[in-house]
2 protein chains.
Amino acid sequence: MSAPIWRIRKKRTRLWLMDATRTTPTMADVAARAGVSHQTVSRVLNNQAAVSAATRAKVRAAIEDLGYRRNLAARTLATGNSGIIGVLVSSTNLSGPSGSLLAIEQNARSKGFWVSMASLQGRGSQEVADVISHFIDQGVDGLIAVAQTESALEATLRGAGDLPTVLVTSGAVDEGHSTLDIDQAGGARMAMTLLKGLGHTQIAHLAGPSYDLHAAARLGAWRESLLEGDPGVCFEGDWSSNSGYLAMMTLLAQGNPPSAVFVANDQMAFGALRALHEAGLRIPQDISVIGFDDIDGSDCSFPPLTTIRQNHDALGEVAIELLVEAINGLPARSVKIPAELITRSSTGSPGR
Amino acid sequence: MSAPIWRIRKKRTRLWLMDATRTTPTMADVAARAGVSHQTVSRVLNNQAAVSAATRAKVRAAIEDLGYRRNLAARTLATGNSGIIGVLVSSTNLSGPSGSLLAIEQNARSKGFWVSMASLQGRGSQEVADVISHFIDQGVDGLIAVAQTESALEATLRGAGDLPTVLVTSGAVDEGHSTLDIDQAGGARMAMTLLKGLGHTQIAHLAGPSYDLHAAARLGAWRESLLEGDPGVCFEGDWSSNSGYLAMMTLLAQGNPPSAVFVANDQMAFGALRALHEAGLRIPQDISVIGFDDIDGSDCSFPPLTTIRQNHDALGEVAIELLVEAINGLPARSVKIPAELITRSSTGSPGR
DNA sequence: CGAGTTCATGTTAGCGCTAACGTTTCGAGG
DNA sequence: CCTCGAAACGTTAGCGCTAACATGAACTCG
């Protein structure tokens, strides 16, 4: 069935203008061709019961013949439901946000939703407000916001109003919104437990940017896990490999390096590894390194990186689950998805 | 201005049911409050000229007071334009597709469009058809498809029909669709030119998956750039670091390794670097490595990776530009964005 | 100073769909 | 044979918006 030649989108010719140019077929056209009423066509399309098999078949055939497509704008207008959810993510091309986005989208689709997305360019809260505002105008059935900063979180709470909303964040939310995140502090604690178990007593931290909630959570858990007497050396980076490289260089330049370093993400850990190689230190004999994220490539760094895995797929699944609950008016709840320790070769006991 | 308590979404109460429960305010409500007609409200909202400053202000105030939000579904139904573009991307969490997606989204928004997105789960063309079908139902103003495989490309062409479409692909398209890509073959040639210029006469290739159009383009350019007498050793990976590691291991196991390797992407190059380190080879003295993509981290691998940069931001910008042209009925055209050689420390002259 | 403009605004008729209710048909049950 | 009640459809009245046309006031100008 090839595309009918007369399918014309945009600026459809008004029929009363008596112009022979055809527009895209509507339910009425299908109804006419099938010899039924448009309402019957609607019933067939929505799989409602009260339609005889014969009629159903006739309608289906007419739909096929005309290449009829249902107009979702009209349907949304009539029902008040769009079948679309809005997803707001921070713009970074980091594995975290974009991994979450893809996982959310795929799970949404498998549950019958489609997604409109917007990524944040900066860190201004006005942008968040604008985006949410648009989603509401568009009539989305719900909103999932991946909020990595305090300001984005606040702006989301302010803008979402009574729109069913799921917040993917490790920040604190007191209102009645469902909240979801991979357990950042728990993951960081796993890293620290591993290192301490290996016998490390001084563990430095290369942190992510301070405005980032994940970075803050990891930093906090690191600090709380320090052993008595550990000065707790820490340098801040910006998630990039290069910032990890520079942070590690600074750490080494200080002299008297610790025997282990917990790095806030894998990218920075890669930079740290480079700095260590260049300094002629052996990993893990001279110094252990552990990252966070388990991005593709962590298994093949030199040496393969011990890290904390975040399960984005699970996050996407639960996010949709929570959103559906919110849409159905169920009470909000919060979920933390456990992180997972992936032990590879960049960690070991402090050796000689 | 706090959110009015009576804002209720979904299943709005029908007015003629004479129920006092308020619904979300409409243009008519705003009009009543401002003491004008709803059409005047519409004019204000659409920034049309023929409205006096005083009226405009009154309407604006009424909109504020009521917390009025325009219903885009109704607007779309009335005008035939949604202001939304559909973006279809392959699902991989690789830097390429997700970088393109983010760049496209941001440029779309800066041009006044919003994006609905769908990522492909598998490689089946039915999924592509379904997604495009939905976009059409939704009334998108245009479509951007990031098609990395032949089947996705074909399915897109088949499904898009007369919908304004831009294909981000390095595949061949003969129909009247605008096409856009970062110059894959050109980038590969730059890599080969660099290596040959450094004096390498035998250059192996670690390729991406054969079904991928980018992998194919890079492979083809590599093959064509080989010097006379070079056997052209090549192993195929799947873009992952581990596949690069394995491919390089295989290459080394063969014995008599070449003096340089062109790797299809940076991830695989990282794996290759690891294999070389483990084999005790020095980079670039013993063997030069060049990657493709310039992902974050390439600047801090050990040693920093020479690679070919893809400018996703430029791609996003041009994609929107082409789509707007297509929407305005301008003739289709094709753009290739040049790749850029980033020389770092993983390449050098074949040394002893 | 009256006819023709222009400007600001109101009125009407849809866009394509669904919900609610009305109508017809047909068979069961008394 | 007639009543009643499903089952299977049809009809009507919106959803909230915009385009097109209608109206009325102020204003220009010979």
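Reader: Let's start with the DNA. Which element gives the largest share of the surface near DNA strand C?

Author: The general idea is to list the residues around the strand, then see which helices or strands they belong to. In this predicted model, helix α4(A) comes out on top, supplying five residues of the surface near DNA strand C. In total, 29 residues surround that strand, and the closest are M27(A), S42(A), A74(A), S37(B) and Q39(B). Both protein chains take part: α2 and α4 of chain A, along with α2 and α4 of chain B, each give two or more residues.

Reader: And by class, what is the surface near DNA strand C made of?

Author: Count 12 nonpolar, 13 polar and four charged residues there.

Reader: What about DNA strand D, which residues come nearest to it?

Author: S37(A), Q39(A), M27(B), S42(B) and A74(B), out of 29 residues around DNA strand D. Here α4(B) has the largest share of the surface, five residues. Residues 38-45 (α2) and 72-79 (α4) are the stretches to look at in chain A and in chain B, as each of these helices supplies at least two residues near DNA strand D. The classes are 12 nonpolar, 13 polar and four charged.

Reader: How do I read the relation between chain A and chain B?

Author: Lay one copy on the other and look at the turn and the shift. Chain A goes onto chain B with a turn of 180° and a shift of 0.1 Å along the axis, at an RMSD of 0.1 Å. That is how a two-fold axis relates copies. To find the axis by eye, go to S116(A): its C-alpha, at 2.0 Å, is the closest to the rotation axis among the residues of chain A.

Reader: How many residues of chain A are in contact with chain B?

Author: 58 residues of chain A, touching 58 residues of chain B. The elements of chain A giving two or more residues to this side are α4, α5 (95-110), β2 (114-120), α6 (125-138), α10 (241-253) and α11 (266-278). The most come from α5(A), with seven residues. By class, that side of chain A has 17 nonpolar, 27 polar and 14 charged residues.

Reader: Why can we say the copies meet through the same surface?

Author: Compare the two sides of the interface. Because 100% of the interface residues of chain A are also interface residues in chain B, the copies use the same surface.

Reader: Where are the domains of chain A?

Author: Domain 1 is 15-70, domain 2 is 81-182 + 312-338, and domain 3 is 184-310. So you can place them in space, the C-alpha centres of domain 1 and domain 2 of chain A are 37 Å apart.

Reader: Is L180(B) buried or exposed?

Author: Count the C-beta atoms around a residue; 20 or more others within 10 Å makes it buried. L180(B) has 24, so it is buried. This residue sits in strand β5 (residues 178-182) of chain B. Beyond its sequence neighbours, its contacts include V166(B), V168(B), L315(B) and L322(B).

Reader: Why does the length of helix α8(A) agree with what we expect?

Author: Use the rise of 1.5 Å a residue: the 14 residues of α8 (residues 184-197) should span 20 Å, and the end C-alpha atoms are 20 Å apart, so the two agree. Among the buried residues of α8(A) are Q184(A), G187(A), M190(A) and L195(A). Just after the helix, G199(A) has a positive phi of about 105°.

How values were computed: Residues are numbered from 1 along each chain as its sequence is written. Chains are lettered from A and ligands numbered from 1 in the order in which they are written. This is a predicted model: local features need pLDDT of at least 70, side-chain atom pairs count only at pLDDT 80 or more; totals for chains, interfaces and linings use all residues. Domain bounds come from an automatic or database domain assignment. A residue is near a molecule or strand if its C-beta atom, placed from the backbone, lies within 6 Å of it. Helices (H or I, at least four residues) and strands (E, at least two) are DSSP runs, numbered from the N terminus. Ala, Val, Leu, Ile, Met, Phe, Trp, Tyr, Cys and Pro count as nonpolar, Asp, Glu, Lys and Arg as charged, and the others, Gly among them, as polar. A residue is buried if 20 or more other C-beta atoms lie within 10 Å of its own, exposed if 12 or fewer, and partly exposed in between; C-beta atoms are placed from the backbone. Two residues are in contact if their C-beta atoms, placed from the backbone, lie within 7 Å. The expected span of a helix is 1.5 Å times one less than its number of residues. Copies are superposed by least squares on the C-alpha atoms of residues with pLDDT of at least 70 in both. Lists of a residue's contacts leave out its neighbours within four places in sequence.
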